[in-house]
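I opened my notebook to look up the ligand surroundings, one helix and one strand. Here is what I went through.

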Amino acid sequence: MHILIAYHSDYQHTQAVADAVAAGANAALADAGINAQAILKQAVDASLDDLRDADVLIFGSPVHMGSMAWQMKQLVDAGSKLWMAGDLEGKVGGVFATYGGFGGAGGGVEQTLMSLHANFLEHGMLVCGFPRSLSGFADAGIHWGLAVRTGNDEGMPEGVDDAALVAARAYGSHVAETALRFQ
Ligand SMILES: Cc1cc2nc3c(=O)[nH]c(=O)nc-3n(C[C@H](O)[C@H](O)[C@H](O)COP(=O)(O)O)c2cc1C
């Protein structure tokens, strides 16, 4: 089981969430007796071979002006080269985003998650949302995936709290467990 977590992060909030998602995925692999570790890569360092080789793709981005960061979109667009050959068909996907909370209602986090879904679905992948029963649903879950608010009431950077990290680990485990069910 080969899990790639590709993300962008300028100020380490999304990086911290990506690390927790990886920890959750690794715990699920260990529970299943699989000797493998999720691979974490900045989106700008991820290659088409990285995408092709993975059984599971988890993409994460900060929200930038209402949508994903350009570095993430660059990887998404590069991945279109794999679409004709159907190289990503049948893989399992997960999505996460961090957001300052501009306006208090997300400032584009839903669009960001759903445009990451759209990419995976276009490739013929299966996408995992964030089921209500997972730990942390009330803190950083949303039906579309993992959504971590990192800003204070004014939308200024505050950090990633422990409750969000619990949700991130639960989501990483959930995506890995879902993929294991298909193997
Ligand atoms: C250029 C830029 C644009 C942003 N636009 C939004 C936005 O539209 N909505 C929002 O809620 N937060 C926005 N933010 C806040 C970031 O999404 C948030 O701070 C995020 O957690 C940063 O992640 P990082 O530390 O991994 O870079 C923006 C931040 C930057 C730097």
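I began at the ligand and found 22 residues around it; a residue is near if its C-beta atom, placed from the backbone, lies within 6 Å. The closest are Tyr11, Thr14, Pro62, Gly100 and Gly107. This is a predicted model: local features need pLDDT of at least 70, side-chain atom pairs count only at pLDDT 80 or more, and totals for chains, interfaces and linings use all residues. Residues are numbered from 1 along each chain as its sequence is written.

I sorted the shell into seven nonpolar, 14 polar and one charged residue. Gly counts as polar here. I saw that α1, β3 and β5 each give the shell at least two residues. Helices (H or I, at least four residues) and strands (E, at least two) are DSSP runs, numbered from the N terminus.

Next I looked up α1, residues 13-31. Its buried residues include His13, Thr14 and Val17; buried means 20 or more other C-beta atoms within 10 Å of the residue's own, with C-beta atoms placed from the backbone. Just after α1, glycine 33 has a positive phi of about 75°.

Then I turned to β5. How many of its eight residues are buried? I counted eight. Val92, Gly94, Phe96 and Thr98 point one way, and Gly93, Val95, Ala97 and Tyr99 the other.

Last, I checked the partners of β5; strands pair if DSSP finds at least two bridges between them. β3 runs parallel to β5, with seven bridges. β8 is also parallel to β5, over four bridges. There, phenylalanine 96 has leucine 146 as its bridge partner.

Methods
Expected span 1.5 Å × (residues − 1). Buried ≥ 20, exposed ≤ 12 C-beta atoms within 10 Å, placed from the backbone.
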